[in-house]
Amino acid sequence: MKKTNKSLFVKITVLFVSLSAYAFNGFAQQIVSSAPEGFDIIQPAIPHGKIDTLVYLSKTVGNKRKTLVYTPPGYSKQLKYPVLYLLHGIGGDEKEWLNGGNPQVILDNLYANGKLAPMVVIMPNGRAMKDDRAIGNIMDRDKVQAFATFEKDLINDLIPFVERKFSVYKDREHRAIAGLSMGGGQALNFGLGNLNKFAWIAGFSSAPNTKMPEVLVPDPKKTATMLKLLFISCGASDNLIVNSKRTHDYLTKNKVPHIYFIEPGFHDFKVWKNGLYMFSQLLFKPVDTTTFSKYPVAGAPASTNIGAGGYPQITDDHKVVFNLSAPNAHSVQVDLGRKYDMVKNENGRWTVTTDSLGEGFHYYSLIIDGLPVADPASKSFFGMRRMASGIEIPFSKGDYYALKDVPHGELRIKKYYSKVTRSWRQLYVYTPPFYDAQGNEKYPVLYILHGGGEDETGWANQGKTDLILDNLIAAQKAKPMIIVMPSANVGGAAFGEAGLKTFESELKEVIIPLVESTYRTKTDAQNRALAGLSMGGMHTLYTGINNTDKFAYLGVFSSGWVVPRQNTIAELQYAGMKNNREKINTNLKQLWIAMGAKEDIAYNNCQVMMDKFKALNINFSYHEYPGGHTWPVWRNNLYQFSSTLFK
C-alpha cells in the first residue's frame with residue numbers, strides 16, 4: 001500500500017509539474033502581493049519538501065564545505081528542476097535562513113497553493129575560508145574578504161557539485177541567486193557579474209558590499225537583454241536602504257527593467273522572508289516587465305535626514321511622511337509653504353503625509369504649539385532668514401550633482417575682518433581637485449552670490465557647488481576654477497541701493513584682494529566671473545555691469561529689477577548702460593541670464609529688464625529651465641553657466 005501511494009504521489013507530482021509548466025508558458029507574470037498572515041506557519045496536512053546538509057569539496061578554499069539543500073515536495077530524479085542559490089548575511093552561515101526564516105515552510109505553503117514552479121534551493125555558507133564559522137569578529141578583513149572569494153567557490157565548485165548531485169537544469173535560464181544583507185550584495189555582485197550563469201537575481205536589504213551600480217552594470221543594454229528578472233527590496237527604515245536606492249536609481253536612469261519593492265520595516269527577517277515569498281513566486285515563469293513599475297514603494301528615509309533617522313520618509317510619488325514624538329504638545333504642523341496638520345496617536349507620536357512635492361530641495365519647519373522650529377530629525381540650512389529644516393526630494397535629472405567616484409575638490413572656510421562692514425565675516429571657497437598638489441598653477445575665479453534670506457552657506461550646502469564642479473571638471477566640461485561664496489548680507493534696506501553699494505565696496509575692496517592674496521588666482525578680468533541668484537542676481541547686475549573692467553562674465557539667475565520697487569535703481573543703470581554700451585559689449589564675454597519657468601516669481605521682472613536690454617542693444621543670452629524660484633533651477637544654472645566660463 002505504501003509503495004502504491006508513493007508511486008501515485010510521484011505521478012501526481014509529475015502531472016502537477018507538467019501542468020504548471022504549461023500554465024507558466026501560457027501566461028505572463030502577475031503582480032505578487034506581500035505575504036499574508038500565516039504564510040510562514042507549518043501546515044501539517046500538506047506535502048512537505050526536504051532539508052538536507054551536504055558536503056562538497058571546494059578547490060577554491062582547499063577543504064570540504066557544507067551547504068543546506070531544500071528539495072521540493074515530490075522531488076523526483078525523473079524530472080529536471082531549476083535551482084535557486086539563497087545566501088545569508090555577514091553574521092550567519094548556511095543555517096541562517098533555516099533558523100531565522102524557515103524557507104522550507106514558506107515554500108511548502110506556496111507549493112500547496114499552486115503558486116510556485118518546483119525548484120531546488122541551495123543555502124551555502126557564503127564565507128569562503130577554511131574556518132567559515134560565524135564566530136569572533138565577523139568584521140575582520142579576512143572574513144569580509146571571504147564573502148568576495150565565495151564568488152569563485154560558487155561558480156567553480158558549488159554549482160558543478162549541485163549539477164552532479166541533483167537532477168537540475170544546467171543553463172542560466174534555470175538558475176537564480178538571491179540573498180539577504182551581505183548575501184544580498186553577493187547576489188547582486190555575482191549575479192550581475194556573471195549573467196552567463198544567472199538570469200534571475202534578487203537582493204534583499206543589500207549591504208555596503210554591493211558594488212557601485214556603474215560597476216555592477218557597465219553595459220545596461222546588454223544587462224537588460226540578458227536578465228529575466230532583477231528584484232531589489234528593502235525595509236523603508238533600514239539604514240542600508242541607500243545601497244538599494246542607489247542601484248535602483250542607476251537602473252532606472254539606464255532603462256534596465258527591475259522590480260524595486262520597498263516595504264515598511266527594518267533590517268530583519270520580517271522583510272527578508274517577505275522578499276523570499278515574493279521573489280520565489282516570480283521565478284522560472286514568463287516575465288512581463290510592464291508589471292515591474294506597479295510594485296509599491298513605501299517611504300524611504302530622506303537623504304537629508306540626520307544619521308540613521310527613519311523619518312521624514314519620501315514615497316515613490318514624492319509625498320513625504322513625517323513622524324514626530326511630542327507627547328506633551330497640543331498641536332503640531334509641518335510648514336512647507338502650505339501647512340499640514342499632524343495627527344497624534346495614543347503613544348504621543350504625530351504623523352502626517354503631504355501631497356506630492358516637486359523634485360529637489362525644500363525648506364520646511366515644524367510648528368509646535370504655534371512656535372516654528374527646525375525638525376531635529378533633518379539637517380538644517382540657513383534660509384528663510386533663519387535656520388530651517390531642509391528636505392531633498394529625489395530628482396530624476398540630478399545626476400550632474402550626484403556624489404561620484406571622481407577626483408574631488410575641497411570646500412574651505414575663510415574668516416576675515418571687513419573694513420567696509422567693520423565686522424568679522426566669513427566666506428566659503430571651493431578649490432578644484434589637485435589644487436594643493438599643483439603648487440604653481442593659477443586658476444580663474446567665479447564669485448557666486450546667494451539669494452535673500454540666505455547666506456554664504458547657501459551655494460555650499462543647498463547649491464551643491466562642489467559636486468557640480470567636481471563632475472564637470474572630471475568630464476572635461478568645465479575649466480578647473482576657484483569658486484568664492486561670500487555673504488552678500490551687509491545691512492541696509494532689502495533691495496535698496498545702499499545695500500547694493502555697500503556690497504560692491506565689500507567685493508572690490510575686501511573680498512577680491514583677500515582671495516587673490518590667499519589663493520593662487522589669475523587676476524585679470526578675463527579670468528574673473530560674477531554670478532548670483534535672486535537677490536544675488538541684483539548684486540551681479542549692479543556690481544558687475546558697473547565694473548566690466550573687473551569681470552568678463554556675469555551670470556544672473558532668477559532675477560531682475562523689481563517693478564516698481566526698484567524702478568529708480570533700474571533707470572539709473574539703464575542710463576549708464578546706454579552711455580557705456582560699446583564698453584559693456586566689448587568687455588563682457590558673457591552676460592548670461594537664466595530663469596525658471598513662468599512660475600518663477602522673478603519671471604515678469606526679468607522679461608521687463610531684458611526688453612530694456614534689447615532696446616539698448618546690450619548683448620546677452622537667455623536660458624530657461626523648468627521650475628520655479630527654487631534650488632533645482634539654480635543648481636542647473638550653475639551647471640550650465642560654469643561650463644561656459646574661461647574658454
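These questions and answers go through a predicted model, with attention to one sheet.

Me: What makes β26 and β27 count as paired strands?
Reply: A pair needs at least two bridges between the strands. Four bridges join β26 (residues 590-595) to β27, so the two meet the condition for a pair. They run parallel, and one bridge sets I593 against Y622 in β27.

Me: Why are β20 and β27 said to stand at the edges of the sheet?
Reply: The open sheet has eight strands in the order β20-β21-β23-β22-β24-β25-β26-β27, with mixed pairing. β20 (410-418) and β27 (621-624) each have a single partner strand, so one side of each is left without a neighbour in the sheet. Neighbouring strands here are turned by 20 degrees against each other on average, direction ignored.

Me: How do you know that helix α11 touches the sheet?
Reply: Contact means heavy atoms within 4.5 Å. Helix α11 (residues 465-474) touches β20, β21 (423-431) and β23 (482-485), so heavy atoms of the helix lie within 4.5 Å of those strands. The direction of α11 makes about 25 degrees with that of β21.

Me: Which strands does helix α17 touch?
Reply: Helix α17 (residues 631-642) packs on the sheet against β22 (445-449), β24 (528-533), β25 (553-557) and β26. Its direction makes about 165 degrees with that of β25.

Me: What makes a residue count as buried, and how many percent of the residues do?
Reply: Buried means under 20% relative accessible area. Of the 647 residues of the protein, 54% count as buried, so 54% fall under that 20% limit.

Key. Residues are numbered from 1 along each chain as its sequence is written. This is a predicted model: local features need pLDDT of at least 70, side-chain atom pairs count only at pLDDT 80 or more; totals for chains, interfaces and linings use all residues. Side-chain values use heavy atoms; hydrogens and water are left out. Axes are lines fitted to C-alpha atoms, for helices over the stretch in contact, and angles run from 0 to 180 degrees between N-to-C directions. Buried means under 20% relative accessible area, exposed over 50%, partly exposed in between (1.4 Å probe, protein chains only).
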